[in-house]
Amino acid sequence: MASVEKLDCCNVPITNLSPEELSERILEVAASGKAEHIVLLSLWDLLRARKHKEYRTFVQQAAMVIPISKSIIGGLKFLYGKTVPRYMPFDFFIKTLHALESRGKSLYLLGGRPRTLKIAERNIRHTFPGLRIVGRCAGYYKRNEEASILLAIKKSSPTLLLVGRGVPGDENWLVRNEASLGPGIHIWCSDLFDIFAERRHRPSRKAFNHGLEWVGYCLRNPLKLFRIFPYLKFKILLLYYKIRYY
């Protein structure tokens with residue numbers, strides 16, 4: 001597998017990958033024959049990776065760490081003078097599914113409520129008819145059902161496993177179970193199933209390009225306004241790393 005540039009941002013690796021290279025890189029990871037995972041990294045995730053060992057290891061071992069936060073892009077520009085592409089999560093998934101569809105690859109969906117997942121699967125089938133959906137399982141299942149779910153995923157051997165809300169520990173579920181899933185690409189997709197099922201609107205491109213996608217999240221959950229403090233912490237960290245290492 002060809003190497004891609006990874007930049008260190010406050011001890012967290014970030015993949016510098018252009019949109020033109022994305023499809024080819026996805027197919028390279030899919031062809032590796034190993035269990036690989038991709039992380040879509042927000043600023044909150046970056047700070048969490050610095051603090052929590054389990055999640056930090058997960059990020060460090062990822063085949064790709066895709067920045068979705070404008071603050072991270074600004075931080076890399078400050079540290080390296082480089083402009084690293086930032087990805088809107090929905091666009092990233094569309095490009096990924098298109099790349100896999102072009103080669104007749106397969107997909108397994110895990111998470112979400114049963115009705116939401118069913119609608120999301122139907123819409124994915126309609127949008128990507130050449131993509132084989134080899135299984136789906138709703139989230140919020142009983143703990144004693146997990147072993148059977150893991151076995152079903154391994155037997156179906158999907159090229160891509162998308163995991164959404166409803167699994168124990170959210171994205172840490174992938175951290176803890178990756179060895180049991182078999183080869184393929186594994187991605188935590190948060191509210192992607194809700195978006196595909198048209199139960200939640202994704203941020204507008206204009207809001208995303210201006211780094212204002214957080215406004216909608218704060219309207220749904222005002223407590224997210226307190227994330228201004230981690231943002232300020234990140235600014236201080238950047239200054240520290242700039243002075244000490246660059």
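Is Thr116 buried or exposed, and what is its relative accessible area? In this predicted model, Thr116 is buried, with a relative accessible area of 6%.

**View 1. The chain as a whole, as context for the close-ups, has 12 helices and eight strands.** Buried residues account for 49% of the 246 residues in the chain, and the accessible surface amounts to about 12,800 Å², with carbon and sulfur atoms contributing 54% of that area. Of the contacts between residues at least 6 apart in sequence, 77% join residues that are at least 24 apart.

**View 2. Thr116 and its contacts are centred on a residue of helix H6.** Once the neighbours within four places in sequence are left aside, Thr116 is in contact with Phe193, Asp194, Ala197 and Arg199. Thr116 counts as buried because its relative accessible area of 6% falls under the 20% cut-off.

**View 3. Lys118 is shown in helix H6, which spans residues 114-127.** Lys118 has a relative accessibility of 54%, and it therefore counts as exposed, the cut-off for that class being over 50%. Thr116, which also has its place in helix H6, is by contrast buried.

**View 4. A patch of positive charge on the surface brings together Arg115, Lys118, Arg122 and Arg199.** Lys118, the exposed residue of View 3, is one of the members of this patch. Arg199, another member of the patch, is also among the residues in contact with the buried Thr116 of View 2, so that Views 2 and 4 can be read together through Arg199.

Conventions: Residues are numbered from 1 along each chain as its sequence is written. This is a predicted model: local features need pLDDT of at least 70, side-chain atom pairs count only at pLDDT 80 or more; totals for chains, interfaces and linings use all residues. Side-chain values use heavy atoms; hydrogens and water are left out. Helices (H or I, at least four residues) and strands (E, at least two) are DSSP runs, numbered from the N terminus. Buried means under 20% relative accessible area, exposed over 50%, partly exposed in between (1.4 Å probe, protein chains only). Contact means heavy atoms within 4.5 Å. Accessible areas come from the Shrake-Rupley method with a 1.4 Å probe; for residues, only the protein chains shown count as cover. Patches are made of residues with over 30% relative accessible area and no salt bridge: like charges are joined within 9 Å, nonpolar side chains (Val, Leu, Ile, Met, Phe, Trp, Tyr) within 5 Å. A salt bridge is a side-chain nitrogen of Lys or Arg within 4 Å of a carboxyl oxygen of Asp or Glu. Lys and Arg count as positive and Asp and Glu as negative; His and the chain ends are not counted. The place of a charge is taken as NZ of Lys, CZ of Arg, CG of Asp or CD of Glu.
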